[in-house]
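Thanks for making time for this. I would like to walk through a few local features of the chain, with the model on the screen as we go.

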Amino acid sequence: MDSSAHRVSDVMTRAVVAVGRRAPFKEIVERMEQWQVSALPVLEGDGRVVGVVSEADLLLKEEFRNSDPDRFTQLRRLSDLAKAGAVCADEVMSTPAVTVHADATLAEAARIMALRHVKRLPVVNAEGVLEGVVSRGDLLKVFLRPDNDLADEIRRDVVDPLFPAPVEPVHVMVTEGVVTLTGRVQDGARIPLAARLARGVEGVVGVDCRLTAAGAD
């Protein structure tokens, strides 16, 4: 695992609003409105996450309020119909909860969100106890890193190790997250690797690699 990659623990929100299994439907809606969140973890016991209630779960009550679904719909959407009749968190939550650990990379968290179609992930420890929440917005915080920080990291972790003795100095410029690499190096075979590693630095928007090899026209 890449020790330099940013982790969920770097960006997650630690002060989390949650509900218990027996929280009434209306209380869940009120907490979402009060805290401006689209989903709430459901906890039991010592804070172990047993499910998540999302706006999508709650809206099923409105969708089926005045409907009389045919038998095909009843069979196809049995779980949705059950949630539509829910009166507490235990009955409307999605379970098991889709969660992530604090030491997961941001890329891993983003991948889980994309595959499971969720906007927020409860962050849990090895026992499943809630430690925080990470959202799509949290994952985007890395793009707020100052250009100077990005340039320093690329020089230290990419340029210096790959090109310790360049023919001409390698310059790293970063503007609005876009990296430009210029200079002439001995080993041209390492140029594509340098571009790839620079692109992999958290917060980099794009890379314009203008490095050339010694002897190249």
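Let me begin with Gln36, which is exposed, with a relative accessible area of 63%, and which sits in the loop between helix H2, residues 25-35, and strand S2, residues 39-44. Please bear in mind that what we are looking at is a predicted model. The backbone at Gln36 has a phi near 55°, a positive value in a residue other than glycine.

A similar description can be given for Glu176, which lies in the loop between strand S7, residues 168-175, and strand S8. Its phi is near 55°, again a positive value in a residue that is not glycine, and Glu176 is exposed, with a relative accessible area of 67%. There is also His117, placed just after helix H7, where phi is positive at about 55°.

While we are on the backbone, the peptide bond that leads from Thr95 to Pro96 is cis, with omega near 0°, and Pro96 belongs to the loop between helix H6, residues 89-92, and strand S4.

Going back to H2, I would like to look at how this helix packs on helix H3, residues 55-63: the two axes are 11 Å apart and the angle is about 130°. An angle of over 115 but not over 145 degrees falls outside the parallel, perpendicular and antiparallel ranges, and that makes H2 oblique to H3. The crossing of these two helices is left-handed. From H2, the residues Phe25, Ile28, Val29 and Met32 meet Glu55, Leu58 and Lys61 of H3, and by class this contact has five nonpolar, no polar and two charged residues.

The second helix pair is H9, residues 147-162, with H10, residues 191-199, whose axes come within 10 Å and cross at roughly 165°. That angle makes H9 roughly antiparallel to H10, and the crossing in which H9 passes H10 is right-handed. On the H9 side we find Ile154, Val158 and Leu162, and these meet Leu193, Ala194, Leu197 and Ala198 of H10. Sorted by class, the contact of H9 with H10 has seven nonpolar residues, with no polar and no charged ones.

Now to H7, residues 106-116, where the buried residues are Leu106, Ala109 and Met113. How are these buried residues arranged when H7 is seen down its axis? They fall within an arc of 65°, so they line one face of the helix, while Ala114 and Leu115, on the other side of H7, are exposed. As for what covers the buried residues of H7, the list includes helix H1 (8-11), strand S4 (100-101), strand S5 (120-124), strand S6 (130-135) and helix H8 (136-139).

Strand S4, which is part of that cover, contains His101. His101 is partly exposed, with a relative accessible area of 41%. Setting aside neighbours within four places in sequence, His101 is in contact with Val8, Val123, Val124, Asn125 and Ala126. Of these partners, Asn125 is 24 residues away from His101 along the sequence, yet the C-alpha atoms of the two are 6.1 Å apart in space.

Let me turn next to Val205, in the loop between H10 and strand S9, residues 206-213. Is Val205 buried or exposed? At 54% relative accessibility, Val205 counts as exposed, and the cut-off that matters for this call is over 50%. Even so, if we do not count residues up to four places away in sequence, Val205 touches Phe143, Glu176, Gly177 and Val178, and Glu176 is the residue I described earlier for its positive phi. Between the C-alpha atoms of Val205 and Phe143 the separation is 7.5 Å, although these residues lie 62 apart along the chain.

The last residue I want to show is Thr180, in strand S8, residues 178-185. Thr180 is buried, with a relative accessible area of 15%, where the cut-off for that term is under 20%. Leaving out neighbours within four places in sequence, Thr180 is in contact with His171, Val172, Met173, Asp208 and Arg210.

That is where I will stop, and I am happy to go back to any of these views.

Technical notes. Residues are numbered from 1 along each chain as its sequence is written. This is a predicted model: local features need pLDDT of at least 70, side-chain atom pairs count only at pLDDT 80 or more; totals for chains, interfaces and linings use all residues. Side-chain values use heavy atoms; hydrogens and water are left out. Buried means under 20% relative accessible area, exposed over 50%, partly exposed in between (1.4 Å probe, protein chains only). Helices (H or I, at least four residues) and strands (E, at least two) are DSSP runs, numbered from the N terminus. The arc is that of the directions from the helix axis to the C-beta atoms. Contact means heavy atoms within 4.5 Å. Axes are lines fitted to C-alpha atoms, for helices over the stretch in contact, and angles run from 0 to 180 degrees between N-to-C directions. Angles under 35 degrees count as roughly parallel, over 145 as roughly antiparallel, 65 to 115 as roughly perpendicular and the rest as oblique. A crossing is left-handed if the near helix is turned anticlockwise from the far one by less than a right angle, and right-handed if clockwise. Ala, Val, Leu, Ile, Met, Phe, Trp, Tyr, Cys and Pro count as nonpolar, Asp, Glu, Lys and Arg as charged, and the others, Gly among them, as polar.
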